[in-house]
Amino acid sequence: MAVLTALRRRVRSHTLGVAAAITAVGYALVMNAFEGFVPLFPSIGEPTVRLLSNVIVVINAATLTALLAGVYYIRQRRIERHRAAMVTAVALELGFLVLYLWKVGGGGELYIQASGLFRTAYLLILAVHLICSALSVPLVIYAVLLGLTRTPTELADTAHARTGRVAVGVWSVSLALGIVTSAMLRIAGSELETVGAIVLV
């Protein structure tokens, strides 16, 4: 208990720095999964990659639901339910991250087989999804750390509400478009590329 109290105090005193450090670690883990610098996950075959892709869609839908519930509760001034919904959303997203890293790092990524207008639309939606995903990470982490280390009264003197509104908007778009791109992959068909064949631009 004393350790948790000390950790909470430390995070409270250095919230922005801790958020930046966690964000950097997250980005590094994703880049490593794509580039395969350090093998962190066991190899998996294409059936498992596709299974994990399906599970990830379900997790994203559940996360979006929890996120929107959190927005509803804060508008109703139901602070504890808001906090529970947001913690649930973050916990689900951590589960997503583990499965996503395992899918990409252990198996590979699925790429659309369509051509023409459908492929162009998919790539545009995917680009917005990826940008929103990258932008949401530091915003969400910062807002969550503020929320977990301060009382509701203390939060009024922080950027929690302002950052939280932006984070929810960007994160919601990312989750929704992730679900859309997954549906488009199923409609058009996809092929697997392993880590060695994936190149980050």
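# Questions about a predicted model

Colleague: Why is Glu109 called buried?

Modeller: Glu109 is called buried because its relative accessible area is 13%, and the word buried means under 20% relative accessible area, while exposed means over 50% and partly exposed lies in between, using a 1.4 Å probe and protein chains only. Please keep in mind that this is a predicted model, in which local features need pLDDT of at least 70, side-chain atom pairs count only at pLDDT 80 or more, and totals for chains, interfaces and linings use all residues. Residues are numbered from 1 along each chain as its sequence is written, and side-chain values use heavy atoms, with hydrogens and water left out.

Colleague: Where does Glu109 sit, and how far is Glu109 from Ser190 in space?

Modeller: Glu109 is found in strand 1, where a strand is a DSSP run of E with at least two residues, a helix is a run of H or I with at least four, and both are numbered from the N terminus. The C-alpha atoms of Glu109 and Ser190 are 9.5 Å apart, although 81 residues separate the two in sequence.

Colleague: What makes Ser190 buried or exposed?

Modeller: Ser190 has a relative accessible area of 12%, and so it counts as buried. Ser190 belongs to strand 2, residues 190–193, and, leaving out residues up to four places away in sequence, Ser190 touches Arg50, Leu110, Tyr111, Ile112, Gln113 and Leu185, where a contact means heavy atoms within 4.5 Å. One of these partners, Arg50, lies 140 residues away along the chain, yet its C-alpha atom is separated from that of Ser190 by 9.9 Å.

Colleague: How do you know that helix 1 lies largely in the open?

Modeller: Of the 12 residues in helix 1, the number buried is 1, and therefore the helix lies largely in the open. Leu4, which is found in helix 1, fits this picture with a relative accessible area of 57%, which makes Leu4 exposed. Leu4 and Ile179 are 36 Å apart from C-alpha to C-alpha, with their places 175 residues apart in sequence.

Colleague: How do you know that the length of helix 4 agrees with expectation?

Modeller: Helix 4 has 28 residues (79–106), which should span 40 Å at 1.5 Å a residue, and its end C-alpha atoms are indeed 40 Å apart, so the two values agree. The expected span is 1.5 Å times one less than the number of residues. Helix 3, with 30 residues, reaches 44 Å from its first C-alpha to its last, close to the 44 Å expected.

Colleague: Which elements do the buried residues of helix 4 pack against?

Modeller: They pack against helix 2 (15–35), helix 3 (46–75), strand 1 (109–112) and helix 7 (160–188). The buried residues of helix 4 include His82, Met86, Phe96, Tyr100 and Lys103. After helix 4 comes Gly108, which has a positive phi near 145°.

Colleague: What makes Arg77 worth a second look?

Modeller: Arg77 has a positive phi of about 60° although it is not a glycine. Most residues other than glycine have a negative phi. Arg77 is placed in the loop between helix 3 and helix 4, and it counts as exposed because its relative accessibility is 61%.

Colleague: Is Ala159, in the loop between helix 6 and helix 7, buried or exposed, and why?

Modeller: Ala159 counts as buried, because its relative accessibility is 16%. The loop that holds Ala159 joins helix 6 (152–155) to helix 7. Apart from neighbours within four places in sequence, Ala159 is in contact with Tyr142, Leu146 and Gly164, and its C-alpha atom is 7.8 Å from that of Ala143, a residue 16 places away in sequence.

Colleague: How do you know that the radius of gyration of the chain agrees with that of a compact globule?

Modeller: A compact globule of 201 residues would have a radius of gyration near 17 Å, and the protein chain has 18 Å, so the values agree; the radius is taken over C-alpha atoms, and the globule rule is 2.2 Å times the number of residues to the power 0.38. The chain has 7 helices and 2 strands, which run α-α-α-α-β-α-α-α-β from the N terminus on. Of its 201 residues, 36% count as buried, and among contacts between residues at least 6 apart in sequence, 83% join residues at least 24 apart.
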